[in-house]
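Visitor: Please take a close look at a single part of this model, and then at what lies around it.

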Amino acid sequence: MSQNKTRYIEIENISFGYGKGPDLFNNLSLGLDKDEITVLLGENGSGKTTLAKLVMGMLGPRSGRIMLDGVSVEDLALGEVGMRVGYLFQNPDHQIFGATLIDQLLWSFEFLGEDIDLAKGKAEELIRLFGLEGSRDTYPYYLSLGEKRILALASVLMRSPDYLILDEPTSSLDEERAGVLKEVLKNLSERGIGMLIITHDYDFPEGLAHRTIVLSEGRACNG
Ligand SMILES: Nc1ncnc2c1ncn2[C@@H]1O[C@H](COP(=O)(O)OP(=O)(O)OP(=O)(O)O)[C@@H](O)[C@H]1O
Ligand SMILES: [Mg+2]
């Protein structure tokens, strides 16, 4: 791959720290593309989730910039970033607020006044794919952590993003669901959807990752 190629997401020389605290990153650069699955590893507190939030525009860098498909994330509304980049939060409670499973999967379509019938078909497909049929009548708040994570991921996929940032997607998933997830991600990747997978699970990315990056002391190194 050419060094000069412009990636779908370009993190360019960013520095960031919380509040008046020291820099967590200093001059960090990283390119992420749609034809790759990148795995991001790093110790607790190394800044993986922070980096994801910077890419999503939920946090702003102290210096440097993040480009999404040639446009600075700072110039985009959160919703505009979210339409292109699907973000699975490390804590699924932060993105589950529907009163039912179907409600959760359809709310954004209802909110945006989009075609609900089309979305319903897609929701049913995802419910089947992820084996969520048994959770239909449970208030999503009461689902198990693993079920919540899968439901949160299904909601993210409902929007058909170009790129996915998945923060600890396998955390609290049983082996069967992790296997289904791996197949789903492989399939999405083959359809040209890029992804950044943040994980502590060293086995999961096997046969999936095109490259591995380790975040350590504010720097991103090839793993
Ligand atoms: N809102 C915040 N305000 C102040 N400091 C924060 C905030 N969020 C995170 N931090 C600090 O920033 C550092 C990086 O946190 P972050 O959550 O990005 O790490 P991480 O690599 O995702 O860790 P983990 O593997 O545990 O998920 C940590 O030291 C954390 O305490
Ligand atoms: Mg984290």
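Guide: T100 is partly exposed because 14 other C-beta atoms lie within 10 Å; with C-beta atoms placed from the backbone, 20 or more others within 10 Å of a residue's own would make it buried, 12 or fewer exposed, and a count in between partly exposed. This is a predicted model, in which local features need pLDDT of at least 70, side-chain atom pairs count only at pLDDT 80 or more, and totals for chains, interfaces and linings use all residues. Residues are numbered from 1 along each chain as its sequence is written, while chains are lettered from A and ligands numbered from 1 in the order in which they are written.

T100 sits in the loop between strand 6 and helix 3 (101-111); helices (H or I, at least four residues) and strands (E, at least two) are DSSP runs, numbered from the N terminus. Y139 is 39 residues from T100 in sequence, yet their C-alpha atoms are 5.5 Å apart in space.

Strand 6 belongs to an open sheet of six strands with the order 6-7-8-3-9-10 and mixed pairing, where two strands pair if DSSP finds at least two bridges between them. Strand 6 (85-88) and strand 10 (219-222) are the edges, each pairing on one side only. Elsewhere in the sheet order, strand 3 (residues 37-41) and strand 9 (residues 211-216) pair in the parallel sense over four bridges, and L41 stands opposite V214 in strand 9.
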